[in-house]
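Student: Hi! Could you walk me through this structure? I'd like to start at the ligand and then look at the fold around it.
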Amino acid sequence: LTSWNFKQHKTVIDLGDGVKIGGDELTVMAGPCSVESREQILETARIVKAGGAQLLRGGAFKPRTSPYSFQGLGEEGLKYMAEAREETGLKIITELMDIEHIDVIMEYTDVIQIGARNMQNYSLLKAIGKLDKPVMLKRGMSATIKEWLLAAEYVMNEGNHDVILCERGVRTFGEETRNTMDLSSIPLVQQLSHLPLIADPSHGTGRWELVTPVARAAVAVGADGIMVEVHPDPQNALSDGPQSLKPANYNLMMDELRAIHKTL
Ligand code: PEP
Ligand code: MN
């Protein structure tokens, strides 16, 4: 179901109001790693909207490596995101971690994100395969491309064909970056599959100084869009501050992407 031969044309996911993922347009999903407060998400939403993004990202249920780290605001965070959507017109993408949160996530989000840590959570994949909602499936931390596409196959096999893939880097022996951004997977997956493919240079590098050049590279090799972490005050972010762009740097990144991709 994921293979190019199955459809022989690119899947375009239409979120309404002119926002499409796949096809000719470059889609930008931007926002903080986590929703931290009403003010923080509203401020970030205004910034990313003004810069040209179409979707607001933000985690309310967070898959943190340590149980002692900030775990997200839960439904309260989703309410703030919905308020930001109301004000700015941005569509919303947020992570679903657990089957028990499906109803609450369905109520608020436009796209469900499945994180790297859950890429092979097959019961979760089957459950979202039964939903009528686009899903963005992030590549597992050490998943092969075949494993990643088979995870998408789990979702589609249950009937939900609105799947977006997201390359977010894989784990290698290097210590200088959080992950190794697998740029070659982008043209490869575009040859293998008709599904839209988004690149996440924030988790792919773990360092804000590398985010813009890697975003440029990902667009140049054919990504259908970018997911990027932006925070009004990265130094005080409750998660992923070191890889979050300040507003001014986000605007510079958008200018540079516009120079490469004329539809943005
Ligand atoms: C995220 O998008 O904030 C996230 C947790 O990403 P990943 O699942 O790719 O680590
Ligand atoms: Mn993050």
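Student: By class, how many nonpolar, polar and charged residues are in the shell around ligand 1?
Tutor: Before I count, keep in mind that this is a predicted model. The shell around ligand 1 holds three nonpolar, three polar and three charged residues.

Student: And which residues are they, around ligand 1?
Tutor: Around ligand 1 you'll find Cys33, Gly59, Pro63, Gly115, Ala116, Arg117, Lys138, Arg168 and His203.

Student: Thanks! New topic: does the length of helix H9 agree with what its residues should span, and why?
Tutor: H9 covers residues 208–220, and its 13 residues at 1.5 Å a residue should span 18 Å. The C-alpha atoms at its ends are 19 Å apart, which agrees.

Student: Which residues of H9 are buried?
Tutor: Trp208, Val211, Thr212, Val214, Ala215, Ala218 and Val219 are the buried ones in H9.

Student: What do those buried residues pack against?
Tutor: The buried residues of H9 pack against three helices, H7 (185–192), H8 (201–205) and H10 (247–260), and against strands S9 (197–199) and S10 (225–229).

Student: What comes just after H9?
Tutor: Glycine 222 is there, just after H9, with a positive phi of about 110 degrees.

Student: Let's look at S10, then. Is it enclosed or open?
Tutor: Five of the five residues of S10 are buried, so the strand is largely enclosed by the rest of the structure. Gly225, Met227 and Glu229 point one way from S10, while Ile226 and Val228 point the other way, and all are buried.

Student: Which strands pair with S10, and in what sense?
Tutor: Strand S3 (residues 27–31) pairs with S10 in the parallel sense over five bridges. S9 and S10 also pair in the parallel sense, over two bridges.

Student: Which residues stand opposite each other there?
Tutor: Alanine 30 stands opposite valine 228 in S10, and isoleucine 198 stands opposite glycine 225 in S10.

Student: Which residues touch the most other members of the largest nonpolar core?
Tutor: Leu137, Ile164, Ile198 and Ile226 do, out of the 71 residues in that core.

Student: What is isoleucine 226 in contact with, leaving aside neighbours within four places in sequence?
Tutor: Isoleucine 226 is in contact with Val28, Ile198, Ala199, Pro201, Ala215, Ala218 and Val219. Ala215, Ala218 and Val219 are also among the buried residues of H9.

Student: Switching strands: is S5 mostly covered or mostly exposed?
Tutor: S5 (residues 91–95) is mostly covered, with five of its five residues buried. Lys91, Ile93 and Glu95 are buried on one side, and Ile92 and Thr94 are buried on the other.

Student: What does S5 pair with?
Tutor: Strand S4 (residues 55–57) pairs with S5 in the parallel sense, over three bridges. Isoleucine 93 in S5 is the bridge partner of arginine 57.

Student: Last topic, backbone angles. Which residue between strands S1 and S2 has a positive phi although it is not a glycine?
Tutor: Aspartate 17 has a positive phi of about 55 degrees. This aspartate is found in the loop between strand S1 (13–16) and strand S2 (19–21).

Student: Is aspartate 17 buried or exposed?
Tutor: Aspartate 17 counts as exposed, because it has 11 C-beta neighbours inside 10 Å.

Student: And what about aspartate 240, buried or exposed?
Tutor: Aspartate 240 counts as buried, because it has 20 C-beta neighbours inside 10 Å. The cut-off for buried is 20 or more. Aspartate 240 lies in the loop between S10 and H10, and its phi is positive too, at about 55 degrees.

Notes. Residues numbered from 1 in each chain as written. Chains lettered and ligands numbered in written order. Predicted model: local features only at pLDDT ≥ 70, side-chain atom pairs only at ≥ 80, totals over all residues. Near = placed C-beta within 6 Å. Nonpolar A, V, L, I, M, F, W, Y, C, P; charged D, E, K, R; others polar. Helix = DSSP H or I, 4+ residues; strand = E, 2+ residues; numbered from the N terminus. Expected span 1.5 Å × (residues − 1). Buried ≥ 20, exposed ≤ 12 C-beta atoms within 10 Å, placed from the backbone. Contact = placed C-beta atoms within 7 Å. Pairing = 2+ DSSP bridges. Core = buried A, V, L, I, M, F, W, Y, C linked by C-beta atoms within 7 Å.
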